[in-house]
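Colleague: I am new to this one. Can you walk me through it, starting with a single residue?

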Amino acid sequence: YFAYFYPVDSIPKVYQYRDVYNGLIEQFHRVYAIEDSEGQHVIVERYSGDGRIIEALNYNVDSLDIMDHMVVNRNGEKTKADVFKTKLIPMDKDDEAYFASRFQGLLDSTLILQEIRRTVLKESKINVMNKTTEVVVFADKIRMTNFNPFTRKESVLEGDAKTIFAKGIGLVEWYTNDKKVHYRLEKIL
């Protein structure tokens, strides 16, 4: 599914997404490629509507594995997450990608384990920015475990979502199955 991933380009592009149900809420993804001693990478930085960076994912271009995951902690500092499983893009229609990352939680002594299991739901065509485009729709099973390593207490949130990538563009839409969260690509800057 490399053809559905972001184009490899050293010139940064900013993808502007808008919440379908609350049009005032936006999210921005800054996407660019770099090359270093480890090869070529595509960096996807995620920003809130007010311009604050939230997280960044560093994809290896050859395998589409996640090489690094950066998350902004409760103090607004960029921190490196511990990545345990590196697959976020399935390799073919029968593959399951599994991504697992651990980072600081919202409270002082807590950690969050984020797990995403992604499979191919279907290939289709949809309207993306007023143009009919080939897409792949992924079904995501998301599990967020908030735990305190000292008290051994934990809480788990689980949910299902759909993530849509368009050929030659990258991520164009994502939503939870109950559609309480639903973002769609509006433009690329």
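Modeller: Let us start in a loop. Leucine 64 sits between strand S4 (53-60) and strand S5 (66-72). Keep in mind that this is a predicted model.

Colleague: Is leucine 64 buried or exposed?

Modeller: The cut-off for buried is under 20% relative accessible area. Leucine 64 has 3% relative accessibility, so this loop residue counts as buried.

Colleague: What is the phi of leucine 64 near?

Modeller: Leucine 64 is a residue other than glycine. Its phi is nonetheless positive, near 60°.

Colleague: Arginine 152 also has a positive phi. Where does arginine 152 lie, and is it buried or exposed?

Modeller: The phi of arginine 152 is near 65°. This residue lies in the loop between S10 and S11. Exposed requires over 50% relative accessible area. Arginine 152 has 72%, so it is exposed.

Colleague: Now the whole chain. How many helices and strands are there?

Modeller: Read along the sequence, the pattern is β-β-β-β-β-β-β-β-β-β-β-β-β. The count is zero helices and 13 strands.

Colleague: Why is the chain called as compact as a globular protein of its length?

Modeller: The globule rule gives 16 Å for 189 residues. The protein chain comes close to that, so it is as compact as a globular protein of that length, with a radius of gyration of 17 Å.

Colleague: What share of the residues is buried?

Modeller: The C-alpha trace spans about 50 × 45 × 40 Å along its principal axes. The accessible surface comes to about 10,600 Å², and 50% of that belongs to carbon and sulfur atoms. Of the 189 residues, the buried share is 44%.

Colleague: How far apart are the mean positions of the positive and negative charges?

Modeller: The protein chain has 27 positive and 29 negative charges. Their mean positions are separated by 4 Å.

Colleague: On to the rings. How many aromatic pairs does the structure hold, and what is the geometry of tyrosine 6 with tyrosine 15?

Modeller: The structure holds 10 aromatic pairs. In this one, the ring centres are 5.4 Å apart and the planes stand at 85°. Planes over 60 degrees apart count as edge-to-face. So the pair of tyrosine 6 and tyrosine 15 is edge-to-face.

Colleague: Tyrosine 6 also pairs with phenylalanine 165. How many residues apart are they?

Modeller: That pair is edge-to-face too, at 6.2 Å centre to centre and 75° between the planes. Tyrosine 6 is in the segment before strand S1 (13-19), while phenylalanine 165 is in strand S11 (residues 154-166). The pair links distant parts of the chain, and the separation is 159 residues.

Colleague: Is phenylalanine 165 buried or exposed?

Modeller: Its partner tyrosine 6 is buried, with a relative accessible area of 4%. Phenylalanine 165 has 4% relative accessibility, so it counts as buried.

Colleague: Phenylalanine 138 belongs to the ring cluster, along with Trp174 and others. How far is phenylalanine 138 from proline 90 in space?

Modeller: Phenylalanine 138 lies in strand S10 (residues 131-147). It is buried, with a relative accessible area of 1%. Beyond four places away in sequence, the residues it touches include Pro90, Leu121 and Phe165. Phenylalanine 138 and proline 90 are 48 residues apart in sequence, and their C-alpha to C-alpha separation is 8.8 Å.

Colleague: Last one. Which residues does serine 48 touch, not counting residues up to four places away in sequence?

Modeller: Serine 48 is in strand S3 (residues 39-48). It is buried, at 12% relative accessible area. The residues it touches are Glu26, Phe28 and Ile54.

Note on methods
Residues are numbered from 1 along each chain as its sequence is written. This is a predicted model: local features need pLDDT of at least 70, side-chain atom pairs count only at pLDDT 80 or more; totals for chains, interfaces and linings use all residues. Side-chain values use heavy atoms; hydrogens and water are left out. Helices (H or I, at least four residues) and strands (E, at least two) are DSSP runs, numbered from the N terminus. The radius of gyration is taken over C-alpha atoms; the globule rule is 2.2 Å times the number of residues to the power 0.38. Buried means under 20% relative accessible area, exposed over 50%, partly exposed in between (1.4 Å probe, protein chains only). Accessible areas come from the Shrake-Rupley method with a 1.4 Å probe; for residues, only the protein chains shown count as cover. Lys and Arg count as positive and Asp and Glu as negative; His and the chain ends are not counted. The place of a charge is taken as NZ of Lys, CZ of Arg, CG of Asp or CD of Glu. Rings of Phe, Tyr and Trp (its six-membered ring) pair if their centres lie within 6.5 Å; planes under 30 degrees apart count as stacked, over 60 as edge-to-face and the rest as tilted. Contact means heavy atoms within 4.5 Å.
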